[in-house]
Amino acid sequence: MRTPRLAELDWLRGLVMLLMTIDHASDAFNAGRVFTDAAFMYTPGTPLPTGQFLLRWITHLCAPTFVFLAGTALALSVTRRAANGESAASLDRHIIARGLIIVAIDPIWMSLVFTPGKVLFQVMYAIGASLVCMAALRRLPVRWLATAGIVLVLGGEALAGLAIWLGGGKPTVVGALLVTAGDFGWFIVGYPLVPWLAIMMLGWAFGRRLAEGGEVAPARLAIAGVASLGVFAIVRGLNRYGNMRLLRDDGSLVQWLHVSKYPPSITYAALELGIMGLFLAGFAALRKAGASAAPLRILAVYGSTALFFYVLHAHLLIAASMLLGVHGKLGVGASLIAATAAALVLYPACVRFRRYKSAHPNGWARYV
């Protein structure tokens, strides 16, 4: 069974890697960074400066796209390797091992720069733990997984409320790891497993469709994206369930876009997956048209070395801001310049790593 590498997936992944770099550059350099992406982080009525808010908001696309495409890539990889004769047990071992390695990146490596002195479980935990779960879940029919993913997205707020109720009105460690997120002083969970696993399950279903040789037409991707945005508009407009209690203060654009990421609400997931669907439709159309412009080739480099880039970029940005003596002291412009500089500095390393990984498909690099 053929499972060709689709350029649009790498282009999209590369784009969100660069957007992510902007957010982490803002974390390192920006004195006015807005970080109010949950009900417990925001006091209703607090002004949200438009420029600072949008600098943060444009990066919301990153995590859902990473997780969705991780599910897609897993489906394509499993299909290819199974077709080449690899056993189910061997596939399970690889998926679980890679998942556990990715989980370990957060507390061992990323915590050093994001939360010094504390243990942080964020997007690497969500992706890695979801991969471990997919070692078993991948055996379920695709329609079941897709349906379960949608149900978990829609029911996420109810599950979070139940977990908090069972914890006596506040998150527990287990509840935070699974559904609520939570800050326990030395231990912080930003990305609970279940809602992000739901997005990976949707990505797996999409990947299986691609693996079976049924390329999804750009028009269908666009329709799916618009439908997802329609769900966002309805739920955000009602301003009740589905917002993880981060409700609109008014009808301004900023308040409409001010959705809960910690944990992800229906409005957050629908908005970002909708935008992702439109970008994917556009990139798919470009590939079908034979596009090969330099910007797309550059995006492909970052997109095909995403984890390698991820584990280096934040440390580079934080170190630079510290060495320059401007950590958290500048503004939006400095953040954009820093993000651009970090991407340029790491680009040659990404090119070399991609070549190495291609030359050693069965080596240690396949876990990265």
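Select C62 to begin: at 4% relative accessibility this cysteine counts as buried, the cut-off being under 20% relative accessible area. The model on the screen is a predicted one, and its cysteines make a convenient opening because the structure holds zero disulfides. C62 is in no disulfide, and the nearest cysteine sulfur, that of C350, is 15 Å away, whereas a disulfide would need the two sulfur atoms within 2.5 Å. If you then select C133, you will find a cysteine that is partly exposed, with a relative accessible area of 25%.

Move next to the sheet, for which you should select residues 119–121 and 182–183 together with residues 187–189. These three strands form an open sheet with mixed pairing, and the order across it is β1-β3-β2. Since β1 and β2 stand at the edges, each with a single partner strand, one side of each is left without a neighbour in the sheet. Look then at the pair formed by β2 and β3, which run in the antiparallel sense and are joined over two bridges; within this pair, D183 stands opposite I188 of β3. Adding residues 173–180 to the selection brings in helix α7, which lies across β2 and β3 and runs at about 25° to β3.

Now select residues 218–238, which make up helix α9. Its 21 residues, at 1.5 Å a residue, should span 30 Å, and the end C-alpha atoms are indeed 30 Å apart, which agrees. Which residues of α9 are buried? Colour P218, L221, G225, S228, F232, V235 and R236, for these are the buried ones, and then turn the view to look down the axis of α9, where they fall within an arc of 120° and so line one face of the helix. On the other side of α9, the residues A219, R220, I223, V226, I234 and L238 are exposed. To see what the buried residues of α9 pack against, show α8 (193–211), α10 (253–257) and α11 (266–288). Just after α9, stop at N239, which takes a positive phi of about 60°.

From there, follow the chain to α11, whose 23 residues should span 33 Å at 1.5 Å a residue; its end C-alpha atoms are 32 Å apart, which agrees. Within this helix, select R287, which is partly exposed with a relative accessible area of 23%. Although R287 and L6 are 281 residues apart along the chain, their C-alpha atoms are separated by 8.5 Å. Leaving aside residues up to four places away in sequence, R287 touches L6, A7, E8, W11 and E215, so displaying these side chains together with that of R287 shows the surroundings of the arginine within the 4.5 Å contact limit. Just after α11, G290 takes a positive phi of about 80°.

The last stop is S321, whose place is in helix α13, residues 306–323. Is S321 buried or exposed? It is buried, with a relative accessible area of 0%. Finish by showing A28, F29, V326 and H327, which S321 touches when residues up to four places away in sequence are not counted.

Methods. Residues are numbered from 1 along each chain as its sequence is written. This is a predicted model: local features need pLDDT of at least 70, side-chain atom pairs count only at pLDDT 80 or more; totals for chains, interfaces and linings use all residues. Side-chain values use heavy atoms; hydrogens and water are left out. Two strands pair if DSSP finds at least two bridges between them. Helices (H or I, at least four residues) and strands (E, at least two) are DSSP runs, numbered from the N terminus. Axes are lines fitted to C-alpha atoms, for helices over the stretch in contact, and angles run from 0 to 180 degrees between N-to-C directions. The expected span of a helix is 1.5 Å times one less than its number of residues. Buried means under 20% relative accessible area, exposed over 50%, partly exposed in between (1.4 Å probe, protein chains only). The arc is that of the directions from the helix axis to the C-beta atoms.
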